[in-house]
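Here are a few exercises to work through with the model open beside you. Try each task before reading its solution.

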Amino acid sequence: MNVINSVLKVLFPRRPTAELIEHLTPAEMCTIYAPRTERGCVVLSPYRDPTVRATIQEIKFHNNEHAAALLAELFLSWTNTHIHEPTIVLPIPLSPARLRERGYNQVMRVVNKAAAKQPHLTIDGHVLKRRKNTRPQTQLAKEERQENLKDAFTVANIQTITGSHVLLVDDVLTTGATMSAARAALVPHHPASLTCLALAH
């Protein structure tokens with residue numbers, strides 16, 4: 001059996017990121033939980049940590065359900081402490097083209113897992129829309145990122161957020177340009193409160 005497993009590993013090598021988190025428990029993931037505020041956004045963990053980086057890459061590019069569950073525990077660590085009234089959770093949307101290409105929104109996967117354990121949360125993937133297929137922010141210089149996201153987001157179902165507590169969620173905060181653009185689209189519609197949160201920075 002060991003020989004067969006060795007041969008299989010050679011023929012079908014595992015992703016290093018998948019191997020790194022394969023046996024990681026939610027309790028172990030929560031030891032990385034280190035919330036802070038960065039650029040007006042709550043950040044839950046350091047992206048420089050190899051485990052955090054691997055977990056986010058696994059859900060973002062490989063739809064790894066275990067990675068989604070681990071990140072949901074980080075999210076719940078914060079919401080269980082800070083959310084005590086009905087709150088609408090808005091995952092940062094992908095453009096229609098990127099959603100078709102990837103097949104799913106990784107942030108939606110994470111918050112959906114968390115919502116089952118947090119009765120105050122309502123996940124809504126229809127309020128905030130990305131109206132243009134922007135270039136990935138990582139491909140751009142800092143000064144280009146804001147222009148890339150100009151008018152990138154629009155709001156549907158305005159009545160859903162007016163007067164409501166809103167939690168805007170993304171996976172990774174880099175320069176903060178994406179959060180700023182999404183927040184700017186929401187603020188004119190007068191939510192009761194608007195909190196920006198990223199799983200890592």
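Buried means under 20% relative accessible area, exposed over 50%, and partly exposed in between, with a 1.4 Å probe and protein chains only. Helices (H or I, at least four residues) and strands (E, at least two) are DSSP runs numbered from the N terminus. Please keep in mind that this is a predicted model: local features need pLDDT of at least 70, side-chain atom pairs count only at pLDDT 80 or more, and totals for chains, interfaces and linings use all residues. Residues are numbered from 1 along each chain as its sequence is written, and side-chain values use heavy atoms, with hydrogens and water left out.

**Exercise 1. Take stock of the chain.**

Step 1: count the elements; the protein chain has 10 helices and 8 strands.
Step 2: look at burial; 45% of the 201 residues are buried.
Step 3: turn to contacts (heavy atoms within 4.5 Å). Among those between residues at least 6 apart in sequence, 75% join residues at least 24 apart.

**Exercise 2. Trace the open sheet from edge to edge.**

Step 1: two strands pair if DSSP finds at least two bridges between them. By this rule, 6 strands line up as β1-β2-β8-β7-β3-β4, with mixed pairing.
Step 2: the edges are β1 (36-38) and β4 (121-123), each pairing on one side only.
Step 3: from one strand to the next, the twist averages 35°.
Step 4: zoom in on β7 (residues 165-172) and β8 (residues 193-200), which pair in the parallel sense over 7 bridges. Here D170 stands opposite A198 in β8.

**Exercise 3. Explain why helix α10 is largely enclosed.**

Step 1: find the buried residues of α10, which are A177, T178, M179, A181, A182, A185 and L186.
Step 2: compare with the helix length; 7 of the 10 residues in 177-186 are buried, so the rest of the structure largely encloses α10.
Step 3: place the helix; α10 lies across β2 (41-43), β3 (87-91), β7 and β8, and runs at about 160° to β7. Axes are lines fitted to C-alpha atoms, for helices over the stretch in contact, and angles run from 0 to 180 degrees between N-to-C directions.

**Exercise 4. Which elements each supply at least two residues of the lining of the second largest pocket?**

Step 1: a pocket is an open set of points on a 1 Å grid over the protein atoms alone, where a 1.4 Å probe fits, with protein on both sides within 12 Å along at least five of seven lines; lining residues have an atom within 4 Å of a point.
Step 2: the elements are β3, α6 (96-102) and β5 (128-130).
Step 3: β5 gives the largest share, 3 residues.
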